[in-house]
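Student: I should like to learn how to read individual features of a protein model. Could we take them in turn, with the general idea before the case at hand?

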Amino acid sequence: MLTKKQLQLLEFIHARTQVDGVSPSFDEMKEALDLRSKSGIHRLITALEERGFIRRLAHRARAIEIIRMPEPMSSPARGFKPRVIKGSRPGRPQGAIDLDESEIRSLPMMGRIAAGVPISAIEDYSRNIAVPREMVSNSGEHYALEVKGDSMIEAGINDGDVVVIRETTTAQTGDIVVALVDDHEATLKRFRRNGSAIALEAANPAYETRVFRDDQVKVQGKLVGLIRTY
């Protein structure tokens, strides 16, 4: 059985390899898992290798081969797969009734975000939503948004899901971000930089990738979690 951090790292390497064709750098792994040093990543990689999930290829930079995935992750996936908390009612993630206050974090629900045809900029604060504390990092502010649209379905993000966002103004290629376009269109897309151009890429072949000058796009936050209700 893998620890939570080992599983998070394996999922991250798997997702980035599927998208970019190469494994992420140690710095990217460190940031994705919110670790303070790369030594922690070395330990996690060694543990995954010893358990037969990955293989490090000698004499090649950023060369980690995925050998197998845990059973629930064995089906092919494209892009980042956010950890999903399932529940029966908005604002009450499954299992929340069994958590004490120290295990719950209350985040502001800031309205809706487009995952499809861009809508107007993010709406104002409407209410708070309870999420497991382990879903958010200790650094930076976080907020929640309801997803509107289906352009990110191949990244596991459906219409009506609630995404948890960590505030940041920077992003690396491959990150799923909240992007503000021309100061009035807010959208949830995968971020890719190519020189002075920014591509906002959907995870649905029905939608085209949109390319902008870098001065047209402002990163408002990065996806760190997802809540789904039924």
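Tutor: Let us begin with exposure. At 51% relative accessibility, aspartate 183 counts as exposed, because the cut-off for that class is over 50%. Please keep in mind that this is a predicted model.

Student: Where is aspartate 183 found?

Tutor: Aspartate 183 is in the loop between strand S10 (176-181) and strand S11 (185-194).

Student: What is notable about the phi of aspartate 183?

Tutor: The general idea is that most residues other than glycine have a negative phi. Aspartate 183 has a positive phi, near 65 degrees, and is not a glycine. S10 and S11 form a hairpin with three residues between them, and aspartate 182 in the turn also has a positive phi, of about 55 degrees.

Student: Where else does a residue that is not a glycine have a positive phi of about 55 degrees?

Tutor: Aspartate 34 has such a value. Its place is in the loop between H2 and helix H3 (38-50). Aspartate 34 counts as partly exposed, because its relative accessibility is 42%.

Student: Let us return to the hairpin. How should one read the side chains of S10, and are they buried or exposed?

Tutor: In a regular strand the side chains alternate between the two faces of the sheet. From S10, Ile176, Val178 and Leu180 point one way, whereas Val177, Ala179 and Val181 point the other way, and all are buried. The strand is accordingly described as mostly covered, with six of its six residues buried.

Student: Which strands pair with S10, and in what sense?

Tutor: S10 and S11 pair in the antiparallel sense over six bridges. S10 also pairs with strand S14 (residues 217-229), again in the antiparallel sense, over five bridges. Leucine 180 illustrates both pairings: it stands opposite alanine 186 in S11, and its bridge partner in S14 is lysine 218.

Student: Lysine 222 lies in strand S14 as well. Is lysine 222 buried or exposed?

Tutor: Lysine 222 counts as buried, because its relative accessibility is 13%, and the cut-off for buried is under 20%. Leaving aside neighbours within four places in sequence, its contacts include Ile176 and Val177 of S10, together with Glu31 and Asp175.

Student: How does one find empty space inside a model, and how many cavities of 30 Å³ or more are there?

Tutor: Rolling a probe the size of a water molecule over the atoms shows where empty space is left. The structure holds one cavity of 30 Å³ or more, and the largest cavity has a volume of about 40 Å³. Its lining consists of Phe12, Arg16, Glu28, Glu31, Ala32, Gln172, Asp175 and Lys222. Helix H1 (4-20) and helix H2 (26-32) are the elements that give two or more residues to this lining, and H2 gives the most, with three residues.

Student: How many residues of each class does the lining of the largest cavity have?

Tutor: There are five charged, two nonpolar and one polar residues in that lining.

Student: Finally, which values describe the chain as a whole?

Tutor: The chain has three helices and 14 strands. Of its 230 residues, 44% count as buried. The chain exposes about 12,300 Å², of which carbon and sulfur atoms supply 48%. Among contacts between residues at least 6 apart in sequence, 62% join residues at least 24 apart.

Terms used. Residues numbered from 1 in each chain as written. Predicted model: local features only at pLDDT ≥ 70, side-chain atom pairs only at ≥ 80, totals over all residues. Heavy atoms only, no water. 1 Å grid on protein atoms, 1.4 Å probe; cavity = no way out; pocket = protein on both sides within 12 Å on 5 of 7 lines; lining within 4 Å. Points joined across faces, edges and corners; volume = space filled by probe spheres on them. Nonpolar A, V, L, I, M, F, W, Y, C, P; charged D, E, K, R; others polar. Buried < 20%, exposed > 50% of the residue type's maximum accessible area, 1.4 Å probe, protein only. Contact = heavy atoms within 4.5 Å. Areas by Shrake-Rupley, 256 points an atom, 1.4 Å probe, with all protein chains shown as cover. Pairing = 2+ DSSP bridges.
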